[in-house]
Amino acid sequence: MTRAKNTWWSAIPTHLVLLSMTALWVLPTLGLLISSFRPADKIANTGWWTATPLEFTLANYQQVLAAPDLAQSFVNSLIIAIPATVMPILIAAFAAYAFSWMNFPARDAIFFIIVGLLVVPIQMTLGPVLKLLTDVGLTGTFPAIWLAHTAYGLPFAIYLLRNFFGALPKEMFESAYLDGASPGTAFFRLALPTSVPALASLAIFQFMWVWNDLLVALIYLGGRPAVAPMTVAISNLVGQYGDGWQLLTAAAFISMLLPLLVFFSMQRYFVRGILAGSVKG
Amino acid sequence: MTRFCLNTTILLAGIVTIAVPLALVLYIVAVEALTNTLPIKTQPLIRPWLWLMPALLLLGIFLVYPVVRTIIDSFYNATSSQFVGLSNYSYIFSDTSTQGSMLNNLYWIIFFTGLSVAIGLMMAILSDKVRYGGFSKTLMFMPMVISYVAAGVIWRFVYAFRPPGSPQTGTLNAIGSAFGASPIAWLIDPLTNNASLIFVGVWTAAGFCMVILSAGLRGLPEEVLEAARVDGATEWQVFARVTMPLLLPTIAVVATTMIINALKVFDIVYVMTSGNFNTDVIANQMYKQLFISRDIGRASAIAVVLLIAVLPVMLLNIQRFKAQENR
């Protein structure tokens, strides 16, 4: 292969564009990270790039962890996100299994409706759901948001798992049935264990989605510190900035810690989930 | 008091985390035990519905019923007590603030989608050419896991503005002043504020586009690209005449996902400007109608407009899925 253009300098524009874009994508986060270790008066009066290691302090983090509302909001985020991740995955797995390996009337029609629900804006549901939750006295409680996030996560979860279950070899199930296994046994012993990668991708997605959500929490939980997750607590703090800036830096970073950890440790599952969810086929 | 509150909530969460999955598994075990006692012929008639029931119940209560209800409410007054025909719609299409929001959403659709896809495509192509490409991709992709709320905080530090003369604490204005430009109030100035918000969106979304487009690029037939090169096509010609047409279906998928995100955008605007200074978007207008004006009719009408906007994408998705199933 003769490619005349492969001289060392022809790659310079590529490097230049790539490096400058990467820098543009990293610098804002880096700026916040550095700011979060700087004393309040420095944050207010000088830029993060003037920081010297000598001035670094953990004071902002201590202040956030000592602020009862913020510490509570971190716990609340966990309390909201864990059940709201486990519930939809299990419920979706049951449904996806029925869609893939059972025959019943209107199966395809129901599944198409679920595919349609994938893009329905959550805004469409806020008013009526809020009214329902208020009528049964659940507004502002954790069960309200667990149920809401579970339901909102279901279309994507069912879609993803159905694609995955549907691609499992038919023979596997047939021989299991011949050996006398019931659909329940086949589900727990065959379908679930072989789908661990898909379940992992899904868990990461749902967890991120719930952890990062602002709108659903804002509406069904309100701003009450006893139940508000970190996103709501931070956005309240943004409203009263001025003296709060140094708190905001540390709080924002604490809220990013868990998603970033999950991201860097399980990037492969994350990418796989994105690909399976959007360009399947 | 807080300590007590923390402890009980943690306890509650612990119980729920263990009890809920257990209850769900027990449900299926019970369903199986029950159906297995039925005659062999009736089992397949009952079983699927029992497996589907939890999902269908939740979807019905939290998605299907509310959508229908919202469509009905959009033809009723603020408290849903009186039929008002199309007056909510004529209000939202004539009110200047909702009109402004729709225009802003249009900007979001055009520039957020265009920039995210363009940058994603560029990075997907370029990162395959260098050794540190994977590292570069990871860093570009990272903002995707950061909440819009945290992204809003991050970018407030980039856009921070202080009056001319005082040292600038915002990254952008500091760079600007180093070159002698006067500082700009990025989030307030009507010339820059929408663009500034949209760029935060692009920052969170371009990595997503990059990952999908990158996988699309890998899936292209290498022989076709090589054949074009052998025939003497320049790299640019290969890109424009071969890569792009082949990649078009993937680009379409990514772009429609971005358009939907642009229509639904809420958090970034809510956190960074609360929709002030003419930066409002329809999702935030709806939030305001629902919670500040307490007007269910108008809020519902805005939601229906949003639904109509995503309807083509919804039909497209279903069609795509049907085609995929029949293959």
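In this text a helix is a DSSP run of H or I with at least four residues, and helices are numbered from the N terminus. The model you are looking at is predicted. Let's explore it in a few exercises.

**Exercise 1. Follow a helix in chain A to its end.**

Find helix H6 of chain A (residues 123-135) and describe its length, its bend and what comes after it.

*Solution.*
- Step 1: H6(A) has 13 residues, and its first and last C-alpha atoms lie 19 Å apart. At 1.5 Å a residue, 18 Å would be expected, and the actual reach is close to that.
- Step 2: Look at A:Val129, where H6(A) bends by about 30°.
- Step 3: Go past the end of the helix to A:Gly137, which follows H6(A) and has a positive phi, near 75°.

**Exercise 2. Find what covers this helix.**

Say which residues of H6(A) are buried and which helices cover them.

*Solution.*
- Step 1: The buried residues include the run A:Gln123, A:Met124, A:Thr125, A:Leu126, A:Gly127, A:Pro128 and A:Val129, and A:Leu133 is buried as well. The bend residue A:Val129 is thus among the buried ones.
- Step 2: From chain A, the cover includes helix H7 (142-166) and helix H11 (215-220).
- Step 3: Chain B takes part too, with H2, helix H12 (282-291) and helix H13 (296-326) included in the cover.

**Exercise 3. Compare two residues of one helix.**

Are B:Ala55 and B:Ile61 buried or partly exposed?

*Solution.*
- Step 1: Place them. B:Ala55 sits in helix H2 (residues 43-73) of chain B, and B:Ile61 is in helix H2 of chain B as well.
- Step 2: Recall the cut-off: a residue with 20 or more other C-beta atoms within 10 Å is buried, one with 12 or fewer is exposed, and one in between is partly exposed.
- Step 3: Apply it. B:Ala55 is buried because 27 other C-beta atoms lie within 10 Å. B:Ile61 has 17 such atoms, so it is partly exposed.
- Step 4: Check the surroundings. Leaving aside residues up to four places away in sequence, B:Ala55 touches A:Ile91, A:Ala92, A:Phe94, A:Ala95, A:Leu154 and A:Ile158. As for B:Ile61, its C-alpha atom is 20 Å from that of B:Ala301, a residue 240 places away along the chain.

**Exercise 4. Locate the largest nonpolar core.**

How many residues does the largest nonpolar core have, and which helix gives the largest share?

*Solution.*
- Step 1: The core counts 170 residues, and those with the most contacts inside it are A:Ala92, A:Ala95, A:Ile145 and A:Leu161.
- Step 2: Helix H4 (residues 68-101) of chain A provides the largest share, 19 residues.
- Step 3: Zoom in on A:Leu161. Apart from residues up to four places away in sequence, A:Leu161 touches A:Ala92, A:Ala93, A:Ala96, A:Ser195, A:Ala198 and A:Leu202.
- Step 4: Put this in context: in soluble globular proteins, nonpolar side chains tend to be buried together.

**Exercise 5. Examine a kinked helix in chain B.**

What does helix H10 (residues 235-264) of chain B span between its end C-alpha atoms, and where does its kink lie?

*Solution.*
- Step 1: For 30 residues at 1.5 Å a residue, a straight helix would span 44 Å, but H10(B) spans only 38 Å.
- Step 2: Find the kink of about 55° at B:Leu248, shortly before the proline B:Pro249.
- Step 3: Note some buried residues of H10(B), among them B:Leu247 and B:Thr250.

**Exercise 6. Step back to the chains.**

Describe the make-up, extent and domains of chain A and chain B.

*Solution.*
- Step 1: Chain A has 14 helices and 0 strands, while chain B has 13 helices and 0 strands.
- Step 2: The radius of gyration of chain A is 24 Å, where a compact globule of 281 residues would have one near 19 Å. Chain B has 26 Å, against a value near 20 Å for a compact globule of 327 residues.
- Step 3: The C-alpha trace spans about 75 × 75 × 35 Å along its principal axes in chain A and about 80 × 60 × 55 Å in chain B.
- Step 4: Chain A is assigned domain 1 (8-59) and domain 2 (67-278), with centres 33 Å apart. Here 7 residues of domain 1 are in contact with 6 residues of domain 2, and H1(A) gives the largest share of the domain 1 side, 4 residues.
- Step 5: Chain B is assigned domain 1 (2-73) and domain 2 (88-326), and their centres are separated by 36 Å.

How values were computed:
Residues are numbered from 1 along each chain as its sequence is written. Chains are lettered from A and ligands numbered from 1 in the order in which they are written. This is a predicted model: local features need pLDDT of at least 70, side-chain atom pairs count only at pLDDT 80 or more; totals for chains, interfaces and linings use all residues. Domain bounds come from an automatic or database domain assignment. Helices (H or I, at least four residues) and strands (E, at least two) are DSSP runs, numbered from the N terminus. The expected span of a helix is 1.5 Å times one less than its number of residues. The bend at a residue is the angle between axes fitted to the seven residues ending there and the seven starting there. A nonpolar core is a set of buried Ala, Val, Leu, Ile, Met, Phe, Trp, Tyr and Cys residues joined through C-beta atoms within 7 Å. Two residues are in contact if their C-beta atoms, placed from the backbone, lie within 7 Å. The radius of gyration is taken over C-alpha atoms; the globule rule is 2.2 Å times the number of residues to the power 0.38.
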